[in-house]
Amino acid sequence: MVLKDTLLYYVSHNSAVYCTLLDAKKAFDRIQYCKLFRLLIERGLPACITRVVIGLYLNNFIRVAWNGVMSEYFLAVNGVKQGGVLSPIIFSVYVDGLLVRLHNSGVGCYIGMQFVGALACADDLTLLAPSSTAMRKLLRICDEYAYGYSIVFNANKS
C-alpha cells in the first residue's frame with residue numbers, strides 16, 4: 001500500500017520516480033551470529049531474552065533430507081531457521097541498520113517529511129528515488145551494508 005501510494009503521489013505531482021526491487025539471496029542462511037547478537041544487545045533486548053536467543057542459535061543442530069535420505073546431525077554455525085516464528089523478526093533486526101542508513105542519506109522518496117525511499121519485508125527490499133542519481137546513491141549504500149553483513153542481493157530476482 002505504501003509503495004502504491006508513493007508511486008501515485010509522485011506521478012500525480014508530475015515527478016519521476018525510480019523503483020528498484022532487491023531480493024537478498026539465501027538471506028536467512030547468511031546471518032552472522034556474532035553481528036546479530038551484538039545488534040540485539042545494542043537494541044536493549046533484556047539480557048535473559050538475549051541469552052535464550054543465543055542459546056537457541058548456538059546449540060542449533062540440524063540435518064538435511066535429500067531424496068528420502070537423512071544426513072547425520074551437524075551444528076549450524078550461521079543463519080536463522082527457515083519458517084521459524086522468530087526468523088522474520090530477527091532478519092528485520094539484522095537489516096534495520098541498512099534502513100536507517102538509507103533514511104539518513106537524505107535521498108530517496110519523501111511524502112511531505114516522511115521518508116518512503118526504502119520499504120522492506122523479510123528479505124525483500126524496495127528502493128524508491130526521485131532521480132537516477134539518487135537511486136545510484138541508495139544502491140551504493142545497500143552495497144556497502146551488504147558487504148559488511150554478508151548479504152548478497154540476487155541479480156536474477158532483483
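At 40% relative accessibility, V100 counts as partly exposed, and this residue belongs to helix α4, which spans residues 87–104. The model described here is predicted, and the points below follow helix α4 to its packing partner and its aromatic residues before turning to two threonines elsewhere in the chain. Among the features of the structure are six aromatic pairs, of which two are described below.

**Helix α4 and its packing against α2**

- V100 and Q32 stand 68 residues apart along the chain, and their C-alpha atoms are separated by 19 Å.
- Helix α2, made up of residues 33–42, packs against α4 at an angle of about 85 degrees, and the two axes lie 10 Å apart.
- Because angles of 65 to 115 degrees count as roughly perpendicular, α2 and α4 are described as roughly perpendicular to each other.
- On the α2 side the contact involves K35, L36, L39 and L40, which meet I90, V93 and Y94 of α4; by class, the residues of this contact comprise six nonpolar, no polar and one charged.

**Aromatic residues**

- The structure holds six aromatic pairs, and one of them joins Y9 and Y10 in an edge-to-face arrangement, with 5.5 Å from centre to centre and 75 degrees between the planes.
- Within that pair, Y9 is partly exposed at a relative accessible area of 29%, whereas Y10 is buried at 10%.
- Y94 and Y149 also form an edge-to-face pair, with a centre-to-centre distance of 5.5 Å and planes 85 degrees apart; this pair links distant parts of the chain, since Y94 lies in helix α4 and Y149 in the segment after α5 (132–148), 55 residues apart.
- Y94 is buried, with a relative accessible area of 1%, and Y149 likewise counts as buried, at 11% relative accessibility.
- Y94 and Y149 belong, together with F91 and Y145, to one aromatic cluster.

**Two buried threonines**

- T6 sits in helix α1, which covers residues 2–12, and is buried, with a relative accessible area of 0%.
- A polar atom of the T6 side chain lies 2.7 Å from the backbone oxygen of V2, and, with residues up to four places away in sequence not counted, T6 touches C109, I111, V116 and L128.
- T126 is located in strand β9, formed by residues 124–129, and has a relative accessible area of 13%; because buried means under 20%, T126 is classed as buried.
- Beyond its neighbours within four places in sequence, T126 is in contact with L3, C19, T20, L21, G117, A118 and L119.

Methods: Residues numbered from 1 in each chain as written. Predicted model: local features only at pLDDT ≥ 70, side-chain atom pairs only at ≥ 80, totals over all residues. Heavy atoms only, no water. Helix = DSSP H or I, 4+ residues; strand = E, 2+ residues; numbered from the N terminus. Buried < 20%, exposed > 50% of the residue type's maximum accessible area, 1.4 Å probe, protein only. Polar contact = N/O pair within 3.5 Å; in protein donor to acceptor, adjacent residues only side chain to side chain. Contact = heavy atoms within 4.5 Å. Axes fitted to C-alpha atoms, helices over the stretch in contact; angles between N-to-C directions. Parallel < 35°, antiparallel > 145°, perpendicular 65-115°, else oblique. Nonpolar A, V, L, I, M, F, W, Y, C, P; charged D, E, K, R; others polar. Phe/Tyr/Trp six-rings, centres within 6.5 Å; stacked < 30°, edge-to-face > 60°.
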